[in-house]
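Colleague: I would like to go through the aromatic rings in this model. Please give me the reasoning behind each label.

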Amino acid sequence: MMHHSKPPEENLTTLAEFVLVGFANVPHLRWFLFGLFFAIYMVILLGNGTILIITKVDPALHTPMYYFLGNFSFLEICYVSTTLPRMLLNLAIQRRNISLVACATQMCFVLILGATECFLLAVMAYDRHIAICQPLHYPLLMNPKVCTQLVAVSWVSGIPVQIGQTVQIFSVSFCGSKQINHFFCDIPPILSLACGEILVNTMMVYLGAVLFLFIPLLLILISYSKIISTILKLPSATGRSKAFSTCSSHLAVVGLFFGSSIITYLRPKSDHSAEKDKVLSLFYTIVTPVFNPMIYTLRNKDVIMALRKLFCK
């Protein structure tokens, strides 16, 4: 059963702040890690910012696919900015204290933006499904109004649930250590500090994972099963290769993000360890935003052409 033994009442403490341990266990690597993560943050801002700009200014990229990609790049910038600046600050000045309100706010934004990413990836899969399986109806089904509505739903649908999730997690009693053995305020390390019964909280985490991870992933798998079925029926090898190339980039991002997120939040509690959680969290909070621009540009002739036009002006 998911619970912590309840301590005597006098041992319960009302915490006003936590301590983010981060990478304090490797002090000799402090400045190396600062330089590494600072460089990664700059790459994320530059790469995703460039995609955001070219999808706005290049008329050739004013299509649903690039409209979604531009939103996705903006989302990645927001997502990584909820965790990396704080981690860089902690590495630089060694002040790891974070107030309970700041910790709850950070968690809430991470959860909301994570839910948005799941839904937006599902929307992008649906877009490719319509483009490949119903090309003649594509302009009608994916008109600007529909695209705007899909993006809006992706951004706002997780807000009420994730605010409720955050409030519930921080309504538990904390006792003993106030050290969060992580580089940001994530659910597993916060719940590990809780006192008393946390079964309800744990079940809510699983319910949230089903709603925001499994349902979008299921929709993505359904879309791609239909896409693959349609591609295999194409008569020419060139057509099949072109269709597969437009989907492979998206699938790579889906695999990176969903794979690491599902393992983090749904693996057995007995298999949880602080170091594993940190490594897995790096994948969905930092690695995916780093590789997103590379994955979407290296094999995309339209984006490469737009970049040439942008930088050759």
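The exchange below takes up ring pairs, their surroundings and a charge over a ring.

Modeller: Keep in mind that this is a predicted model. It holds 14 aromatic pairs.

Colleague: What makes Phe34 and Phe38 a stacked pair?

Modeller: Their centres lie 6.2 Å apart, with 10° between the planes. Pairing needs centres within 6.5 Å, and stacking needs planes under 30 degrees apart, so both conditions are met.

Colleague: Where do Phe34 and Phe38 lie?

Modeller: Both are in helix H1, residues 30-57. They are 4 residues apart, about one turn of the helix.

Colleague: Why is Phe34 called partly exposed?

Modeller: Its relative accessible area is 23%. Buried means under 20% and exposed means over 50%, so Phe34 falls in between. Phe38, at 41%, is partly exposed by the cut-offs just given.

Colleague: Why is the pair of Phe119 and Phe212 called edge-to-face?

Modeller: The angle between the planes is 75°. Edge-to-face needs over 60, so the label fits. The centres are 5.7 Å apart.

Colleague: What makes this a link between distant parts of the chain?

Modeller: Phe119 is in helix H4 (residues 100-133) and Phe212 is in helix H9 (residues 199-232). They are 93 residues apart. Phe119 and Phe212 are both buried.

Colleague: Which residues form one aromatic cluster?

Modeller: Phe23, Phe37, Phe183 and Phe184.

Colleague: How do you know that the charged end of Lys278 sits over the ring of Phe23?

Modeller: That charged end is 5.8 Å from the ring centre. The distance cut-off is within 6 Å, so the distance condition is met.

Conventions
Residues are numbered from 1 along each chain as its sequence is written. This is a predicted model: local features need pLDDT of at least 70, side-chain atom pairs count only at pLDDT 80 or more; totals for chains, interfaces and linings use all residues. Side-chain values use heavy atoms; hydrogens and water are left out. Rings of Phe, Tyr and Trp (its six-membered ring) pair if their centres lie within 6.5 Å; planes under 30 degrees apart count as stacked, over 60 as edge-to-face and the rest as tilted. Helices (H or I, at least four residues) and strands (E, at least two) are DSSP runs, numbered from the N terminus. Buried means under 20% relative accessible area, exposed over 50%, partly exposed in between (1.4 Å probe, protein chains only). A charge sits over a ring if NZ of Lys or CZ of Arg is within 6 Å of the ring centre and within 35 degrees of the ring normal.
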